[in-house]
Amino acid sequence: MTSQDPSSTSDYSASNYNQIAAFVYSAEYTSPIFSLLKPSIGERIVDFGCGTGELTLQIQEAVGASGLTVGIDYNNDMISTALVNGVRHAYVSDLQNIQIPAHVSEIPFDAVFSNAVLHWCKQNPRGVLDGAKRMLKVGGRFVCEMGGFMNCIGVRIGLHRAVKRRGYEPDKMDPWYFPTVEEYQGLLQSAGFRINMISLVPRLTPLLDGGLYGWLQLFARRTFLKEFSDQEAAAIIEEVVDMCEVDMKDKEGNWALMYVRLRFLATLDLKL
């Protein structure tokens with residue numbers, strides 16, 4: 001559930017993430033993808049972008065002692081917290097180029113699971129799929145939900161406008177990868193996956209703690225705005241908040257953001 005920029009492993013802390021973005025792993029938002037995963041006793045499942053392990057622990061419980069659950073995340077603090085929380089096997093690695101102990105993947109996995117993380121893998125999205133293919137058995141399933149086309153509409157254009165107005169190139173600074181169904185379906189198929197289902201799912205997401213300002217501080221300050229000083233970044237965030245208020249803040253002062261999730265279930269057909 002964290003950025004996959006290999007140049008930094010501390011864009012935010014586990015505690016900050018859980019304070020602002022606990023909705024990411026809430027039952028309300030994750031039940032659809034869990035219904036696709038359907039973990040069962042004895043299965044081997046790897047969680048791509050496990051964060052602090054809330055969902056990984058649910059998978060770990062579902063597969064039982066005879067199964068194996070492995071969490072992977074690039075953020076050291078997230079992995080440390082996941083281990084403290086009770087995840088038995090968790091490793092630090094960039095998902096775009098997975099590097100974990102060889103013994104972990106000696107026996108292929110039944111499923112790869114990922115929630116709210118692959119949209120951070122802008123640098124090499126195909127590398128994620130190659131990693132999934134290496135870890136899965138033939139016939140294994142890849143179950144994922146990530147940001148898709150038009151995700152965070154309004155906020156993203158606000159950031160682009162504010163950054164460009166200051167003489168920077170926003171396309172190079174933007175950390176997010178929000179593909180269309182057609183684009184990601186093509187990537188999956190080129191990597192040897194058969195598509196069982198794939199769709200874009202709009203979801204209005206309330207921002208309960210800190211509003212849009214808190215969301216931008218968490219998700220944009222150390223990623224999109226990492227080249228700016230604290231003073232410059234604060235000014236940009238305030239500008240974007242002002243710009244978005246008319247569409248994203250209701251009369252009672254509550255903020256909400258339009259998420260559009262790309263959700264899919266794919267099966268590995270080829271190991272080539």
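**Entry 1: strand E5 and its neighbours**

I started with Phe-113, which stands opposite Val-143 in E5. I am working from a predicted model, where local features need pLDDT of at least 70, side-chain atom pairs count only at pLDDT 80 or more, and totals for chains, interfaces and linings use all residues. Residues are numbered from 1 along each chain as its sequence is written, and side-chain values use heavy atoms, with hydrogens and water left out.

My element names are DSSP runs numbered from the N terminus, helices (H or I) having at least four residues and strands (E) at least two. I call two strands paired if DSSP finds at least two bridges between them. On that basis, strand E4 (residues 109-115) pairs with E5 in the parallel sense, over six bridges. Between E4 and E5 the chain passes through helix H5 (residues 125-135), and this β-α-β crossover is right-handed. Right-handed here means that, with the strands pointing away from the viewer, the path from the first strand over the helix to the second runs clockwise.

Next I looked at strand E7 (residues 255-268), which runs antiparallel to E5 and is joined to it by seven bridges. There I found Gly-147 opposite Arg-261 in E7.

How much of E5 is buried? I count a residue as buried under 20% relative accessible area, exposed over 50%, and partly exposed in between (1.4 Å probe, protein chains only). Nine of the twelve residues of E5 are buried, so the strand is largely enclosed by the rest of the structure.

**Entry 2: salt bridges on E5**

I took a salt bridge as a side-chain nitrogen of Lys or Arg within 4 Å of a carboxyl oxygen of Asp or Glu. By this rule the structure has 14 salt bridges.

- Arg-141 bridges to Glu-43, with 2.7 Å between the closest N and O atoms. The two belong to distant parts of the chain, 98 residues apart: Arg-141 is in strand E5, and Glu-43 is in the loop between helix H2 (27-37) and strand E1 (44-48). Arg-141 is buried at 16% relative accessibility, and Glu-43 is buried at 12%.
- Asp-110 bridges to Lys-137, again with the closest N and O atoms 2.7 Å apart. This pair links strand E4, home of Asp-110, to strand E5, home of Lys-137, across 27 residues. Asp-110 is buried, with a relative accessible area of 13%, while Lys-137 is partly exposed at 35%.
- Glu-145 bridges to Arg-203, where the closest N and O atoms are 3.8 Å apart. Glu-145 sits in strand E5 and Arg-203 in strand E6 (residues 193-207), 58 residues apart. Both Glu-145 and Arg-203 are buried. I also noted that salt bridges with shared partners join Glu-145, Arg-203, Arg-261 and Arg-263 into one network.

**Entry 3: just past E5, a nonpolar patch**

Following the chain onward, I reached Phe-149 in the loop between strand E5 (136-147) and helix H6 (155-165). Phe-149 is partly exposed, with a relative accessible area of 42%. Which residues join it in a nonpolar surface patch? They are Met-150, Ile-153, Leu-200, Leu-204 and Met-258, and with Phe-149 they make a patch of about 530 Å². Patch members have over 30% relative accessible area and no salt bridge; nonpolar side chains (Val, Leu, Ile, Met, Phe, Trp, Tyr) are joined within 5 Å, and like charges within 9 Å. The areas come from the Shrake-Rupley method with a 1.4 Å probe, and for residues only the protein chains shown count as cover.

**Entry 4: cysteines**

I searched for disulfides (pairs of cysteine sulfur atoms within 2.5 Å) and found zero. Cys-50 is in no disulfide, and the nearest cysteine sulfur, that of Cys-121, lies 13 Å away. Cys-50 is buried, at 0% relative accessibility. Cys-152 is in no disulfide either; its nearest cysteine sulfur belongs to Cys-244, 10 Å away. Cys-152 is buried too, with a relative accessible area of 3%.

**Entry 5: two other spots**

I checked Thr-69, which lies in strand E2 (residues 68-73) and is buried at 2% relative accessibility. The C-alpha atoms of Thr-69 and His-89 are 6.8 Å apart, with their positions 20 residues apart along the chain.

Last came helix H9 (residues 211-219): seven of its nine residues are buried, so H9 is largely enclosed by the rest of the structure. Among the buried residues of H9 I listed Leu-212, Trp-215, Leu-216 and Phe-219.
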